[in-house]
Amino acid sequence: RSSALRLLAALAHLPEATGSSAVSSWLSGMSGMRWSMRKITDQERVSAAAFALARCEAWSAARAGFLLAQALKEDLEARAEEADERKMTPSAGAWWLAAVAQSGLPLDGATDKP
């Protein structure tokens, strides 16, 4: 999981790479992707990876909605434990909003069940 997320997060910073039809078709052709239920250690990396998937029209195929649901759940749990505690950084939140917008899905329909 870690290597795949690092690669995808790097692609988010390289629009010319995700604009390539070969990379986009490779990512959108992914199926059966299974993400771990382990806690997310780097919110920014995961959200940037989701943005790259959305840019390549692979949101559904790569189950990026599962990653979003997991990130939101962890942030909600952190807030429940301590009132001012947030797990999601502002930067990661911005990446998530951009990823959902890029995916073309409605905000309330972008998540999968974790």
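This passage walks through a predicted model of a protein chain, from its overall make-up down to single residues.

The broad picture comes first. The protein chain has 6 helices and 0 strands, so anyone looking for a sheet can stop there, because strands are what the count of 0 refers to. Read from the N terminus, the elements simply go α-α-α-α-α-α. There are 114 residues in the protein chain, and buried ones make up 39% of them. The surface that the protein chain exposes comes to about 6400 Å², with carbon and sulfur atoms supplying 54% of that area. Contacts along the chain are also worth a look. Of those with a separation of 6 or more, 79% link residues that sit 24 or more positions apart.

A good place to zoom in is Ser-47, which belongs to helix α4, the stretch covering residues 43-55. Is Ser-47 buried or exposed? Its relative accessible area is 0%, and Ser-47 counts as buried because that value falls under the 20% cut-off. The side chain of Ser-47 has a partner within reach, namely the backbone oxygen of Glu-44, at 3.1 Å. What else does Ser-47 touch, once its neighbours within four places in sequence are set aside? The list reads Ala-92, Trp-95 and Trp-96.

Another buried residue turns up in helix α1, which spans residues 2-12. This is Leu-5, with a relative accessible area of 4%. Along the chain, Leu-5 and Ala-50 are 45 residues apart, yet their C-alpha atoms are separated by 8.6 Å.

Next come the charged side chains. In general, side chains of opposite charge can pair when their charged atoms come close. The structure holds 3 salt bridges. One of them joins Asp-42 to Arg-45, with 3.8 Å between the closest N and O atoms. That pair makes the list because the cut-off for a salt bridge is 4 Å. Asp-42 is partly exposed at a relative accessible area of 29%, and Arg-45 is partly exposed at 29% as well.

Helix α5, made of residues 64-81, contains both Lys-73 and Glu-77. Their side chains meet in a salt bridge at 3.7 Å, N to O. The two residues are 4 residues apart, about one turn of the helix. Lys-73 counts as partly exposed, at 41% relative accessibility, and Glu-77 is partly exposed too, at 30%.

Arg-79 and Asp-75 also lie in helix α5, again 4 residues apart and about one turn of the helix. In their salt bridge the N to O distance is 2.7 Å. Which side of this pair is buried, and which is partly exposed? Arg-79 is partly exposed, with a relative accessible area of 37%, whereas Asp-75 counts as buried because its 5% is under the 20% limit.

Aromatic rings round off the tour. The structure holds 1 aromatic pair. A ring also features in a contact with a charge: Arg-63 lies over the face of Phe-66, at 4.9 Å from the ring centre.

Definitions and conventions: Residues are numbered from 1 along each chain as its sequence is written. This is a predicted model: local features need pLDDT of at least 70, side-chain atom pairs count only at pLDDT 80 or more; totals for chains, interfaces and linings use all residues. Side-chain values use heavy atoms; hydrogens and water are left out. Buried means under 20% relative accessible area, exposed over 50%, partly exposed in between (1.4 Å probe, protein chains only). A polar contact is a pair of N or O atoms within 3.5 Å; within protein, one must be able to donate a hydrogen and the other to accept it, and residues adjacent in sequence count only if both atoms are side-chain atoms. Contact means heavy atoms within 4.5 Å. Accessible areas come from the Shrake-Rupley method with a 1.4 Å probe; for residues, only the protein chains shown count as cover. Rings of Phe, Tyr and Trp (its six-membered ring) pair if their centres lie within 6.5 Å; planes under 30 degrees apart count as stacked, over 60 as edge-to-face and the rest as tilted. A charge sits over a ring if NZ of Lys or CZ of Arg is within 6 Å of the ring centre and within 35 degrees of the ring normal.
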